[in-house]
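Work through the following exercises with the sequence and the structure at hand. Each task is followed by a solution in steps.

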Number of protein chains: 2
Amino acid sequence: MKKIINDPNQVVQDMVQGMVAAYPEALKQVPETMVLARKDSPVQGKVGIVSGGGSGHEPAHAGYVGKGMLDAAVAGEVFTSPTPDQVLEAIKAVDGGSGVFLVIKNYTGDVINFEMAAELAEAEGIDVQYVVVNDDVAVEDSSFTTGRRGIAGTVFVHKITGAKAESGGSLTEVKQVGEKVVANVRSMGMALKPCTVPAAGSPSFELKDDEMEIGIGIHGEPGIERKEIASADQIAEELTAKVLQDLDYTTGEDVAVMINGLGSTPEMELYIVNKRVQEILKEKGITVYKTFVGEYMTALEMTGCSVTLLKLDDELKTLLDADSDAPAFRS
Amino acid sequence: MKKIINDPNQVVQDMVQGMVAAYPEALKQVPETMVLARKDSPVQGKVGIVSGGGSGHEPAHAGYVGKGMLDAAVAGEVFTSPTPDQVLEAIKAVDGGSGVFLVIKNYTGDVINFEMAAELAEAEGIDVQYVVVNDDVAVEDSSFTTGRRGIAGTVFVHKITGAKAESGGSLTEVKQVGEKVVANVRSMGMALKPCTVPAAGSPSFELKDDEMEIGIGIHGEPGIERKEIASADQIAEELTAKVLQDLDYTTGEDVAVMINGLGSTPEMELYIVNKRVQEILKEKGITVYKTFVGEYMTALEMTGCSVTLLKLDDELKTLLDADSDAPAFRS
């Protein structure tokens, strides 16, 4: 295992401290937790937005903490859901009296633990609502999930619910717009090379030298198919086709595109994928409103990418464009 | 070679098209060149800022094209300097009548080709000035360079000269501030794993399973020493010590810090390095003004990182903080 770390069992603690040290004016660590919150939280009168999950998906989730996006992110151990008490600490840290909204990726552990935290917070008198993001069209169930997995599309849910809360939206309004994003976002990914969880020390799966896996999850969960490596154009076509099959994007509404790198994919290659994705959308008569290319939801140093499409109405466009000062999503 | 590409000899062309397709409202490709320019260029009356070099360092350089930063970036083949005629096309595309400033990384090919382009442009009546960035303290000469190499510190030169030009600075003033950044910025890098140039098909060097290289260049050029992998703290200490030895950062001025990933290093690990770098600076009584953690100057999928410190006076702080809408450096 070649990694720039100290103790494999301390990577999350070290990372959280390194993040606060990077942005001390913007972030604070909630004492004795792996929760990073906006320095000015709780913001009185504003709905607080909390997300999180296993670590190893950076910049998700703490990179999205900032004005106009998340109020707090909870960092579990690598690829492991944070515990309910940690999520509860995040909720309490950002409750400004108008309730707290949770953005949960659809993994069994996350759903159970965030729901339990919501119940505990309700018992303490805090209104909590949530949405479960399940944008990955690859598989219906997986080793980590009942139903579809939540992957890079989650970042659009962070951005848009965050903007809605920042603009004064109520907890109900934030939930409505969160559900609207989930209903309109679809993703699909693939990988060429695996990643290694530090505490495990060896790769979580293996792929042959000429092999790729289509539909893989962001923890290395099995996808749809392993087959010979295809060209970037063919990969773009396969991922985009699956997304377009799943939702009708040709109804005259514009879309946002995200070409997401899983950790080790050179940005050059993400732009090569983007070239073909944009051509396909043009051929289908789908108008692109805005494109995001980069590492938004990674899987440690996995090599691969995902394609996400979000159908946008005027409300979603306005919220997507709204100001954010989160370190990993400035707009 | 596991890469998401089409033809290994067409990666730069495909990437450039994929970048324009991603940001059509912000970027344009100068016809029949590998030059990406601001859509609104030339901006009349403003000094134009041009940078570039071999491809494979993305987001450098085209990711830094935008209002407040570069006016154009020239993309050479992977790890290969762009030709003088390409650089000349960039200069002509962004000349708004107040001259053009070139930011050149100190590699022999880049220096020769950019200087030749400057002469050709002067012959066509365009005022051109330039700065050569040589922030890498690792080695004095290398396989690609006479003198020190230019690495991640170059991004600070882009940002600050771009802001100076945007604020109405003259060609002379832009050059002065560019030279001030070069005089005050130092970097040092290391790698755990090599990268593969697509057209070559195999890694440009090899490192044993337990080995790292200190002081390596962003094309895999030899560094100072190969030795057993150390902890993140030890790596942070060694890189930071070399930088601090080279320039007196303890004179009461604040610094900007950049922890740069070379392509495959999980963001988690960059933050772990940052934790120790910030501790060291605090121990030395050096005040950090702003920190940047991420992939700013990569080497395809090389695994490793670099540490950059920039000493800031009030002018540099103002220019570093000024607005930029470049895709890879929004502020």
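**Exercise 1.** Determine which residue is the bridge partner of Ala256(B) in strand 11 of chain B, and describe how the chain travels from strand 10 of chain B to strand 11 of chain B.

*Solution.* Step 1: in this predicted model, the partner of Ala256(B) in strand 11 of chain B is Lys290(B). Helices (H or I, at least four residues) and strands (E, at least two) are DSSP runs, numbered from the N terminus.

Step 2: the path leaves strand 10 of chain B, passes through helix 7 (residues 267-283) of chain B and reaches strand 11 of chain B in a right-handed β-α-β crossover. Right-handed here means that, with the strands pointing away from the viewer, the path from the first strand over the helix to the second runs clockwise.

Step 3: strand 10 of chain B and strand 11 (residues 288-294) of chain B are paired in parallel through six bridges; strands pair if DSSP finds at least two bridges between them.

A note on conventions: residues are numbered from 1 along each chain as its sequence is written, and chains are lettered from A and ligands numbered from 1 in the order in which they are written. Local features need pLDDT of at least 70, side-chain atom pairs count only at pLDDT 80 or more, totals for chains, interfaces and linings use all residues, and side-chain values use heavy atoms, with hydrogens and water left out.

**Exercise 2.** State how strand 10 of chain B pairs with strand 12 of chain B, and whether the residues on its faces are buried or exposed.

*Solution.* Step 1: strand 10 of chain B joins strand 12 (residues 303-312) of chain B through eight bridges in the antiparallel sense, with Asn260(B) opposite Ser306(B).

Step 2: eight of the eight residues of strand 10 (residues 254-261) of chain B are buried, that is, under 20% relative accessible area (1.4 Å probe, protein chains only).

Step 3: in a regular strand, side chains alternate between the two faces of the sheet. One side of strand 10 of chain B holds Asp254(B), Ala256(B), Met258(B) and Asn260(B), the other Val255(B), Val257(B), Ile259(B) and Gly261(B).

**Exercise 3.** Explain why strand 12 of chain A is described as largely enclosed, and identify its pairing partners.

*Solution.* Step 1: strand 12 (residues 303-312) of chain A is largely enclosed by the rest of the structure because 10 of its 10 residues are buried.

Step 2: strand 7 (residues 185-193) of chain A pairs with strand 12 of chain A in the antiparallel sense over eight bridges, and Lys193(A) faces Thr303(A).

Step 3: strand 10 (residues 254-261) of chain A is also joined to strand 12 of chain A, antiparallel, by eight bridges; Met258(A) stands opposite Thr308(A).

**Exercise 4.** Give the order of the six-strand open sheet of chain A and name the strands at its edges.

*Solution.* Step 1: the order is 1-2-4-3-5-6, with mixed pairing.

Step 2: strand 1 (27-29) and strand 6 (128-133) of chain A are at the edges; each has a single partner strand, so one side of each lacks a neighbour in the sheet.

Step 3: strand 3 (residues 48-55) and strand 5 (residues 100-105) of chain A run parallel and share four bridges, with Ser51(A) opposite Val103(A).

**Exercise 5.** Describe how helix 7 of chain A meets helix 1 of chain B.

*Solution.* Step 1: the axes of helix 7 (residues 267-283) of chain A and helix 1 (residues 11-22) of chain B come within 7 Å and cross at roughly 65 degrees. Axes are lines fitted to C-alpha atoms, for helices over the stretch in contact (heavy atoms within 4.5 Å), and angles run from 0 to 180 degrees between N-to-C directions.

Step 2: the residues of this contact divide into eight nonpolar, four polar and two charged. Ala, Val, Leu, Ile, Met, Phe, Trp, Tyr, Cys and Pro count as nonpolar, Asp, Glu, Lys and Arg as charged, and the others, Gly among them, as polar.

Note on methods: Buried means under 20% relative accessible area, exposed over 50%, partly exposed in between (1.4 Å probe, protein chains only).
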